[in-house]
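Q: Please take a close look at one part of this model for me: the surface near DNA strand C. Then show me how the rest fits around that part.

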There are 2 protein chains.
Amino acid sequence: MTQRQRRVRDRSERGQRIVSAARELAEAEGWDAVTTRRLAALIEYSQPVLYSHFPGGKDAIMAAAALEGFAELAEVLASAREGGVAGVAGAYVAFAEAKPALYDAMFTLASDLPFAQDDTPPVLQEAFAGLYAVVEPVAGRQAPGTLTEVFWGALHGLITLDRGRRLSPENHAERLAVVVARFGARGD
Amino acid sequence: MTQRQRRVRDRSERGQRIVSAARELAEAEGWDAVTTRRLAALIEYSQPVLYSHFPGGKDAIMAAAALEGFAELAEVLASAREGGVAGVAGAYVAFAEAKPALYDAMFTLASDLPFAQDDTPPVLQEAFAGLYAVVEPVAGRQAPGTLTEVFWGALHGLITLDRGRRLSPENHAERLAVVVARFGARGD
DNA sequence: AACGCTAACCTAGCGGCGCTAGATTGTCTA
DNA sequence: TAGACAATCTAGCGCCGCTAGGTTAGCGTT
């Protein structure tokens with residue numbers, strides 16, 4: 001039976017290789033360049049193999065990449081917790097800028113694939129918790145969950161607008177400072 | 001020569017019909033359903049006619065729709081100016097929710113087609129001015145342009161996160177109120 | 001040791017996509 | 001009325017996501 005176990009392990013490793021190849025290709029050339037044919041060539045298997053790992057096809061592969069992204073984001077935010085609102089905000093923005101394609105997969109694309117199944121997956125809750133942990137102490141009489149959502153939205157909005165070149169490049173750092181100033185101190 | 005003028009006018013009207021058909025189809029079935037074949041069928045011409053109007057192809061058609069969207073958004077924001085920060089914020093969100101596909105074309109998709117040509121097109125500046133007009137009076141000693149950008153980012157982020165079902169539906173109105181509270185009053 | 005079974009895998013192809021070259025039709029001028 | 005020119009269409013290219021059906025390889029059984 002050990003051979004069977006090895007086969008299962010190999011299969012799992014190959015599934016991981018698919019997601020990793022998709023992520024690398026997406027960061028290098030954008031998600032439009034991530035086609036099932038190119039992925040199959042990268043892992044040196046034929047196209048249908050992708051569908052035995054991810055029956056949902058390309059969308060499922062992107063969703064798997066997005067899940068990895070949420071786990072990594074949660075880790076980054078947890079590490080920055082001691083830096084308070086400013087530290088977490090900076091870490092969030094840095095994450096989005098370091099892995100833009102992954103960030104797109106998490107938010108812009110694959111809008112509802114892994115999230116509409118059984119409510120919210122744990123990794124997404126953990127990422128949210130990373131923001132909540134620093135917002136809650138300064139929420140005052142405001143509902144901390146709602147305030148965290150708005151804080152999150154402000155960061156996310158600035159990131160996406162900035163990426164689309166809708167904002168002036170020179171104010172980049174100042175904008176982040178404004179967000180921290182408006183959310184890092186008690187509003188009322 | 002009047003016949004030639006009529007031909008030019010007919011041509012212009014047909015170009016408008018293309019953009020209108022694209023917008024209607026996008027709102028009804030999403031931008032993925034907007035294909036050059038379906039657009040050609042809707043305007044009752046063959047595919048290549050689209051390219052005589054928009055040499056850039058589908059992207060150019062989406063960009064034209066996005067430009068219309070910015071003009072309409074600027075108008076909406078200008079009308080809401082007397083409502084102050086709260087009025088403009090509400091009008092902005094209402095616009096995005098009323099025409100989600102158009103809003104996507106303006107921000108999420110077609111990232112840099114009409115914006116990287118000669119700096120910023122006028123309609124985009126007008127839309128930004130609609131936000132700036134209500135933020136500037138409450139900016140205090142803060143740079144009003146930067147504050148407007150952050151205000152814009154907060155609204156945009158909440159809209160996109162909400163659409164991807166990343167936020168709790170019941171806090172929808174409260175989140176907007178928080179944004180208005182944090183940006184509608186002098187921060188420092 | 002040879003068999004048949006099952007799972008893994010690949011080849012080939014479907015319909016549809018954005019886009020375009022070249023033929024065809026229609027319209028105005030001389 | 002003949003020719004020039006613009007407008008339009010037919011047909012097809014290469015690519016996409018995805019899948020049906022045939023082929024191969026590894027397994028337990030006799």
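A: Start with the classes: Ala, Val, Leu, Ile, Met, Phe, Trp, Tyr, Cys and Pro count as nonpolar, Asp, Glu, Lys and Arg as charged, and the others, Gly among them, as polar. By that sorting, the surface near DNA strand C has five nonpolar, seven polar and three charged residues.

The model is predicted: local features need pLDDT (the predictor's confidence in each residue, from 0 to 100) of at least 70, side-chain atom pairs count only at pLDDT 80 or more, and totals for chains, interfaces and linings use all residues. Residues are numbered from 1 along each chain as its sequence is written, while chains are lettered from A and ligands numbered from 1 in the order in which they are written.

Now the surface itself. DNA strand C is surrounded by 15 residues (near means a C-beta atom, placed from the backbone, within 6 Å). Closest are Ser46(A), Thr35(B), Thr36(B), Gly57(B) and Lys58(B). Two or more residues each come from H3 of chain A and from helix H2 (36-43), H3 and helix H4 (58-79) of chain B. Helices here are DSSP runs of H or I with at least four residues, strands are runs of E with at least two, and both are numbered from the N terminus.

Next, DNA strand D. Here 17 residues lie around the strand, and Thr35(A), Gly57(A), Lys58(A), Tyr45(B) and Ser46(B) come nearest. Helix H2 (36-43), helix H3 (47-53) and helix H4 (58-79) of chain A, plus helix H3 (47-53) of chain B, each give two or more residues. H3(B) gives the most, with four residues. By class, the surface near DNA strand D has five nonpolar, eight polar and four charged residues.

How do the two chains relate? Chain B lies on chain A with an RMSD of 0.0 Å after a turn of 180° and a shift of 0.0 Å along the axis. This is the relation of a two-fold axis. The fit is by least squares on the C-alpha atoms of residues with pLDDT of at least 70 in both copies.

The chains also touch. In chain B, 30 residues are in contact with 31 residues of chain A (contact means C-beta atoms, placed from the backbone, within 7 Å). Helix H6 (100-108), helix H8 (144-163) and helix H9 (172-184) of chain B each supply at least two residues of the touching side. H8(B) gives the largest share, 13 residues. That side of chain B divides into 14 nonpolar, ten polar and six charged residues. The copies meet through the same surface, because 100% of the interface residues of chain B are also interface residues in chain A.

One residue of H9 deserves a stop. Val180(B) lies in helix H9 of chain B. This residue is buried, because 20 other C-beta atoms lie within 10 Å (buried means 20 or more, exposed 12 or fewer, partly exposed in between, with C-beta atoms placed from the backbone). Beyond its neighbours within four places in sequence, Val180(B) is in contact with Val85(B), Ala86(B) and Ala89(B).

Finally, chain A as a whole. Chain A has nine helices and zero strands. Of its 188 residues, 39% count as buried. Its pLDDT averages 91, and 88% of the residues score at least 70.

Technical notes. Contact = placed C-beta atoms within 7 Å.
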